Amino acid sequence: MFTKFILDAYQKDLDWLINQRSVPAKLKDYLIVLKKEKAAGSSKLKAEAALPKKIRCVNSKNTFNMIGNNNNIGNIQLGDTYSASESSSINTKRKANDDFEEITKTKKPCQSEFEGNTEEINSILGKWNKFLENKENFHPFSPEYHHVIRCGKTVSYRPFLNKELYDQHVSQHEEKEYPLPEVCMSYIDNIMNQHDLKKYRKAIRNVPEAEGEDEDIFLFVENIFQAIYNFHTTYKDIHDGETEFNGLFLFPFLKAVAAAVAAEFGAAKTDFCYGEVCLEAMSTQLKALNMLIDGRNKYNADGLIRMYGYKNLEILLLETSSYFGCSDQSKSKFDHHKGLFGSLAMIKTIADEYQYASITTFKKVKVIFVHASDTTVCLWSMSFVPDESIYELWLEDILEIKPSIDDKLEAIPNFIQFYWKTKELLKQTSRIVMELKKEHEATLIKNMFKKSSDLTSLSTVVNPSILRLIEDEDKAGMADLGPVFKSRGE
């Protein structure tokens, strides 16, 4: 349905151009040929429609190069203002590219040498831009096709990235540790040392007296233990559908995460909503592009954490791929890419909402994508990297679910650490969003009598592809698109 919409729009655009008197005869002849030719494959056409209208890169002088339809390049210094005519020339509308050649399935990953003598080409920025501009090497739904670098300490460069450049990028990534506070260690140790179910439950309830921040820490850890105890003692078949996967291993933990963030940042009003809930960020972006057809084509997520105190902004997305233990790679990889593009819509919506905040603050934003598949839960973060003019999908952590109580000595610490890290990342994101709002409002107050077009806007800088994948139309072949995780010794 969505592909048909794009094809119809493509044909209508060709008809409109052909009927324009101002179009030169030679160009009309070419457009007529295009109209008669078979349109591109559905995946290529859909991906092209999702691409941003303007391609932007940041050079070593901290200047954005805005490339227009006529390939004229204009520089905008970060923090500078520009005229209304310049502003309108770099708006957020998209266009489809003219190249509609189908990608062959046998195309090999590009491992070519990077050539060029300029300082920019020799930088990692120049290398990424040069590498990613070769779209013919990538599947239309791959992250690379849309300037997203998927990476992490345990994520392989395969199937499409250049190993040398990828390793250089990963080595420069600063990964922060989130250790558990020492104050809760004795409480945890006491629970871990219980071997009787009744004593196990009683130890969970035996929370030490505490106040302030320590009280919030104990409450979070207690909630995590309660959720673990529930799946340790359930009589349900844990493999009985996606509902049980979510209900036992995901929803209670993410609810605890949202509550813990809300306890620290009351104004944020974070809360977890679940059960085929609409990702409003995707609807907002599709509507802006006139691609939300009669309210259809909505993105339904398994769960979301929203900041209800801040425009209901979505900062965590959950996708669960079928039942616990399901090894369907096609389904898993589709959901991974669906969530990836959902995360891009989330980060774009934050940029649009607080568009007059600084890029320095915005680059710290990480929206979280939690993907549960088979027996694992992957914790990904999506962020904008202005120094490289790309989006980075970074694997923060992986949780291997071991549901048996016999494995509790290994499994419980992993659960606690995984969801503690999730909470800390959400706290950081909430804090940054709150700071973005302050900067946005301060800019408006400072420039209240100036035209909005005279202000530098994050909306023109943060402008990713907006792509809503539909399983029935788009799942075929996605099992080959990754992510691929490193084998031992790699």
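Reader: What makes the link between the side chains of T361 and S358 a polar contact?

Author: Happy to start there. In this predicted model, the side chains of T361 and S358 are joined at 3.1 Å. The cut-off for such a pair of N or O atoms is within 3.5 Å, so 3.1 Å passes.

Reader: Where does T361 sit, and what does T361 touch beyond its neighbours in sequence?

Author: T361 belongs to helix 15, residues 359-362. Leaving aside residues up to four places away in sequence, T361 touches I432, E435, L436 and E439.

Reader: Why is T361 called buried?

Author: Its relative accessible area is 8%. Buried means under 20%, so T361 qualifies. V461, in helix 17 (residues 458-461), is judged by that cut-off too: at 8% relative accessibility, V461 counts as buried. The C-alpha atoms of V461 and P386 are separated by 8.5 Å, with their positions 75 residues apart along the chain.

Reader: Let's turn to the rings. Why is the pair of Y187 and F218 called edge-to-face?

Author: Good one to work through. A pair of aromatic rings is described by the distance of the centres and the angle of the planes. By the rule used here, the count comes to 21 aromatic pairs. For Y187 and F218 the centres are 5.9 Å apart, which is within the 6.5 Å limit, so the rings pair. Their planes stand at 85°, and over 60 counts as edge-to-face, so that is the label.

Reader: How do you know that this pair ties together separate parts of the chain?

Author: Y187 lies in helix 8 (residues 185-192) and F218 in helix 10 (residues 212-233), so the pair ties together parts that are 31 residues apart in sequence. Both rings belong to buried residues: Y187 has a relative accessible area of 3%, and F218 has 5%.

Reader: And what makes the pair of F249 and F324 tilted?

Author: Here the centres are 5.1 Å apart and the planes are at 35°. Stacked needs under 30 degrees and edge-to-face needs over 60, so 35° falls into the remaining class, tilted. F249 is in helix 11 (residues 241-249), while F324 is in the loop between strand 7 (313-321) and helix 14 (329-353), 75 residues apart. F249 is buried at 0% relative accessibility, and F324 is buried at 4%. Both also belong to a cluster linked by ring pairs, together with F231, F245, F253, F415, F418 and Y419.

Reader: How do you know that a charge sits over the ring of Y310?

Author: The charged end of K437 is 4.9 Å from the centre of the Y310 ring, and the distance limit is within 6 Å. K135 lies over the face of Y145 in a similar arrangement, at 4.8 Å from the ring centre.

Reader: Now the sheet. Why are strand 4 and strand 5 said to stand at the edges?

Author: The open sheet has seven strands in the order 4-10-9-8-7-6-5, with mixed pairing. Strand 4 (148-151) and strand 5 (270-278) each have a single partner strand, so one side of each is left without a neighbour in the sheet. From one strand to the next, the twist averages 20°.

Reader: What makes strand 4 and strand 10 a pair, and in which sense do they run?

Author: A pair needs at least two bridges, and strand 4 has four with strand 10 (residues 390-400), in the parallel sense. Within strand 10, E392 is the bridge partner of I149, and L393 is the bridge partner of R150. On the other pairing, strand 9 and strand 10 run antiparallel and are joined by ten bridges. E392 is also the bridge partner of S383. In the hairpin of strand 9 and strand 10, with four residues between the strands, S389 takes a positive phi near 55°.

Reader: Why is strand 10 described as largely enclosed?

Author: Eight of its eleven residues are buried, so strand 10 is largely enclosed by the rest of the structure.

Reader: Which strands does helix 11 touch as it packs on the sheet?

Author: Helix 11 touches strand 6 (300-307), strand 7, strand 8 (367-373) and strand 9 (376-385), and its direction makes about 130° with that of strand 7. Helix 12 (residues 251-264) lies across strand 5, strand 6 and strand 7, running at about 145° to strand 5.

Conventions
Residues are numbered from 1 along each chain as its sequence is written. This is a predicted model: local features need pLDDT of at least 70, side-chain atom pairs count only at pLDDT 80 or more; totals for chains, interfaces and linings use all residues. Side-chain values use heavy atoms; hydrogens and water are left out. Rings of Phe, Tyr and Trp (its six-membered ring) pair if their centres lie within 6.5 Å; planes under 30 degrees apart count as stacked, over 60 as edge-to-face and the rest as tilted. Helices (H or I, at least four residues) and strands (E, at least two) are DSSP runs, numbered from the N terminus. Buried means under 20% relative accessible area, exposed over 50%, partly exposed in between (1.4 Å probe, protein chains only). A charge sits over a ring if NZ of Lys or CZ of Arg is within 6 Å of the ring centre and within 35 degrees of the ring normal. A polar contact is a pair of N or O atoms within 3.5 Å; within protein, one must be able to donate a hydrogen and the other to accept it, and residues adjacent in sequence count only if both atoms are side-chain atoms. Contact means heavy atoms within 4.5 Å. Axes are lines fitted to C-alpha atoms, for helices over the stretch in contact, and angles run from 0 to 180 degrees between N-to-C directions.
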